[in-house]
Amino acid sequence: MYTHPVTEPAPLTAGVWQDELLVLTTAAGATGVGLRTGRKVWQQPDAAGAQAVLPAGDGLCFLASPTEFLWLAPGDGTVRHRVRYADQFPGVPNLRVATLTGRSVSVVWFTGSHTVTVKAPKPKKGKKPGKDTQVARAYFFAYDIVRRKELWRIAVPAGRAPGTPAYRLTAVRETDVVVRQDAATLTPADVTAGKGKAFFRCFDRATGKLLWNRQFGAVTPGGAALGDEEGRLYGAVGDDLQAFETATGKPAWTLNGTAASVFGTPVRAGELLHTTNRNQEVGAVERATGKVLWRRSTEVPLGGNAPALALSGGGKTLLAADLSQVTAFAAADGRRLWKFQDVGVQEPGGATVQVPYRVLAAGRTAVVQRDRVFYAFPVE
């Protein structure tokens, strides 16, 4: 167990490095915590505000901050390499970068934007000159964090002011990657064009070329969605979960829910898909057919969002985290293994924590976070 000091800023994000180190980031820097001991190993103020923690080649820990990429030595937190956006990405001065879209092996994808001045057209004779305008230009990038090299960038439509369209990774396939724009960064024109439904974009992994931009059924901009390597996309539609073939946009199967079930983001596990919904149920279905193999309740009172799912590194344990607890199930048959709730603030008059539990799974360890407190559990 590790408690982040109340004298320091609250954690912004957390990541597990190589099943050995828990790395926390705050507005003041990054902290390394031994995954086996729960003891603080180092602090690095240069990583202030970092919003992603990932393993990188040569035994380094990669962090993305608001202004630069950093590679830290996991043993003592020293900065081995740093790449400032202003230096690494020529042609886009004052680049504003959104939260990383996602990664695959050594490649990360992210969006960024900058503001350019568009000169007013030359006025006609006898007319007053117009005013120059400030316009946001946005791009989607692919970057290799091992070679520390930009692979490609492609211009994309700008998002809501100040202009960066945050993308969320939906699927990584052999030759392409599918993303969806975060609803909070859609412009009013984007919202109008979507008519309540989400657009998904598919880019070529080698070149960044846009391959298609389409909608799937009635999947909304904020609804749960996940894709797989075989070309299917699973999305929450009303009370149900639907599977679509991305090549055609046609539905493949529908998993019917119950009134107000509202499915959350599922998790892939081999040929299975683990599901979650607002009725506090988790389960497993066949990815190809939607056939239900099992479905169990977390036994948490109804209300709130669907539990967030995480699958252990060994693939045998499914962990469901919500506002009340973490519930562990046997992934194969849904047997309930254990539940966990922390004790909260022990001091009299202490504030009640109102944030949900969060689970990070890596190797044979699951880290449970609730606000400033972290617990490590052995899992299979």
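These are my notebook entries on a predicted model of a protein, from its overall dimensions down to one sheet.

**Ground rules.** I number residues from 1 along each chain as its sequence is written, and for side-chain values I use heavy atoms, leaving out hydrogens and water. Because the model is predicted, I accept local features at pLDDT of at least 70 and side-chain atom pairs at pLDDT 80 or more, while totals for chains, interfaces and linings use all residues.

**Overall dimensions.** I looked up the radius of gyration, taken over C-alpha atoms, and found 22 Å; the globule rule, 2.2 Å times the number of residues to the power 0.38, puts a compact globule of 380 residues near 21 Å, so the two agree. Along the principal axes, the C-alpha atoms fill a box of roughly 80 × 50 × 45 Å.

**Burial.** I noted that 48% of the 380 residues are buried, where buried means under 20% relative accessible area with a 1.4 Å probe, protein chains only.

**Secondary structure.** I read off two helices and 33 strands, which are DSSP runs of H or I over at least four residues for helices and of E over at least two for strands, numbered from the N terminus.

**One sheet.** I then followed an open sheet of four strands in the order S23-S24-S25-S26, with antiparallel pairing, where two strands pair if DSSP finds at least two bridges between them. Strands S23 (267–269) and S26 (292–297) are at the edges with a single partner strand each, so one side of each has no neighbour in the sheet. Within the sheet, S24 (residues 272–277) and S25 (residues 281–286) are joined by six bridges, and I found His-274 opposite Ala-284 in S25.

How values were computed:
Buried < 20%, exposed > 50% of the residue type's maximum accessible area, 1.4 Å probe, protein only.
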